[in-house]
Amino acid sequence: MTKVRWHLKHEQFGSKPWAVQAEGMRRADGRPRFGQFMEQGLGKTALNLNEFIDADEVDLNVVIAPNSFMGDWPLAPAEWGLDFLKTGSYAEGDEPYDWDCGLYVYGHETLRGSEKARNHLAWLLKNRRCMFTIDESTGIKNPQAGLTKYVLQVVKDAVMVRELNGTPLVLNVMDYWAQLRVLGELNGVNPYQFRNRFAVMGGFMGRQIKGVKNEEELGRLIDGCAFRALTADWRKDLPPRVPVTHHYEMTDNQRKHYNTMMEDFYAMVGDDEPVTADMVLTQRIKLQQISSCLLMDDDKVHWLEPPKKNPKLRAICDLFDYTECKAIVPYFYKPSGAMLYEAFKEMKLKDRKSTRLNSIH
């Protein structure tokens, strides 16, 4: 069995890979394009960092991730003992043009909406020795989406490609088409040919995907270019609890109010309308409110950002966009609950047979 070279050291998890990470390294060894389709909590981020450090042919790990997950990536190298790696994200801090070695992150949403960001990424892939990491690769599952078409166009310039996917089992077989194309499979096979080969159609006019056919063939295709791992299959090797957390950045407006409330015990929500805190406990409550983009003063509710700019709301919506699961969504304040309800109604989450929403107040 090939020995795995593990370069990481974590304060809590030590300096040895879990069995599932070691298997992922072995499966990907020597492959310029590969997918790590491992459930949340199985260590995809650490595995990706280790693959990057272990590969002599690349010196910049370019990551694209859901916008609300972007905050995790720049923090990960230091957490795993790779303090020497420079880190950054698009439009934040240093540019990676002449870095010796580093990790640089773009948001899916940013790439969808900004031609400048797309050109920036395309330049790096052409001119640097890049490992191109696509985090939550289900974000490129729609063959007709602009981001999918863009990734399929620029991926050819990457020295290495890695797809990370926390949902190795999908309900819609078409989710695999673009992911497999990025990994160099299905050359010459368009989405319609793929659907006809692997999708069971039904419903109105036979246009709805109802299931999968030729499963063994599809399984061999995926296993030839990706490693699929479920928590249930690797549970014995894992620590008692592996928490999965995501970091997000407050907006500039949020941060301004948060700092003022923390330092001076008040926040100005209008030209002459201060919301004050007269003791530390009240201050903590107000800080918690600000982190949710609102301030409450008696019966008045002041929103610091509209829903579409609320980082917490965007983060939870991203989770539903990139995963298929049941969820319990807790909230602390009634206005937050109303906002969540409206957002979920817009996303038509209640219409998904695979998803049930429960809110706790």
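This text walks through one predicted protein model, from its overall make-up to a few of its strands, helices and single residues.

The protein has 361 residues, and 48% of them count as buried. Its secondary structure comes to 14 helices and 15 strands. The accessible surface is about 19,300 Å², and carbon and sulfur atoms account for 49% of that area. Contacts also say something about how the chain is arranged. Among contacts between residues at least 6 apart in sequence, 66% join residues at least 24 apart.

A good place to start is strand β1, which runs over residues 33-38. Five of its six residues are buried, so the strand is largely enclosed by the rest of the structure. Which strands pair with β1? One is strand β6, residues 160-164, which pairs with β1 in the parallel sense over four bridges. In this pairing, Phe34 stands opposite Arg162 in β6. Another is strand β9, residues 226-229, which also pairs with β1 in the parallel sense over four bridges. Here Gly35 stands opposite Ala226 in β9.

Gln36 is a residue of strand β1. Is Gln36 buried or exposed? Its relative accessible area is 1%, and the cut-off for buried is under 20%, so Gln36 counts as buried. A polar atom of the Gln36 side chain lies 3.1 Å from the backbone oxygen of Gly24. Leaving aside residues up to four places away in sequence, Gln36 touches a list of residues that includes Gly24, Met25, Ala28, Lys44, Leu47 and Glu51. The list also includes Glu163 and Leu164, along with Asn165 and Phe227. Glu163 and Leu164 fall within the residue range of β6, and Phe227 falls within that of β9.

Asn61 offers a second case of a residue in a strand. Asn61 is found in strand β2, which covers residues 60-65. With a relative accessibility of 0%, Asn61 counts as buried. What does the side chain of Asn61 make a polar contact with? The partner is the side chain of Thr133, at 2.8 Å. Thr133 also appears among the residues that Asn61 touches, when residues up to four places away in sequence are not counted. Others in that group are Asn48, Phe52, Gly102, Leu103, Tyr104 and Met131.

The next stop is helix α12, residues 280-291. How far does α12 reach from its first C-alpha to its last? The helix has twelve residues and reaches 17 Å, close to the 16 Å expected at 1.5 Å a residue. Some of its residues are buried, namely Gln283, Lys286, Leu287, Gln289, Ile290 and Ser291. An α-helix has 3.6 residues a turn, so residues three or four places apart point the same way. In α12, Gln283, Lys286, Leu287 and Ile290 are among the buried residues to look at with that spacing in mind.

Just after α12 comes Cys293, which takes a positive phi of about 70°. Cys293 has this positive value although it is not a glycine. The residue lies in the loop between α12 and β12, and at 0% relative accessibility it counts as buried. Cys130 likewise has 0% relative accessibility and counts as buried. How many disulfides does a search of the whole structure find? The search finds zero. A disulfide is a covalent bond between the sulfur atoms of two cysteines.

Following the chain past Cys293 leads to strand β12, residues 294-297. This strand pairs in the antiparallel sense with strand β13, residues 300-303, over four bridges. Leu294 stands opposite Trp303 in β13. Together β12 and β13 form a hairpin with two residues between them. In the turn, Asp298 has a positive phi of about 55°.

Leu186 is a further residue with a positive phi: its value is near 60°, and Leu186 is a residue other than glycine. Where does Leu186 lie? It is in the loop between α7, residues 175-182, and α8, residues 191-198. At 12% relative accessibility, Leu186 counts as buried.

Conventions
Residues are numbered from 1 along each chain as its sequence is written. This is a predicted model: local features need pLDDT of at least 70, side-chain atom pairs count only at pLDDT 80 or more; totals for chains, interfaces and linings use all residues. Side-chain values use heavy atoms; hydrogens and water are left out. Buried means under 20% relative accessible area, exposed over 50%, partly exposed in between (1.4 Å probe, protein chains only). Two strands pair if DSSP finds at least two bridges between them. A polar contact is a pair of N or O atoms within 3.5 Å; within protein, one must be able to donate a hydrogen and the other to accept it, and residues adjacent in sequence count only if both atoms are side-chain atoms. Contact means heavy atoms within 4.5 Å. The expected span of a helix is 1.5 Å times one less than its number of residues. A disulfide is a pair of cysteine sulfur atoms within 2.5 Å. Accessible areas come from the Shrake-Rupley method with a 1.4 Å probe; for residues, only the protein chains shown count as cover.
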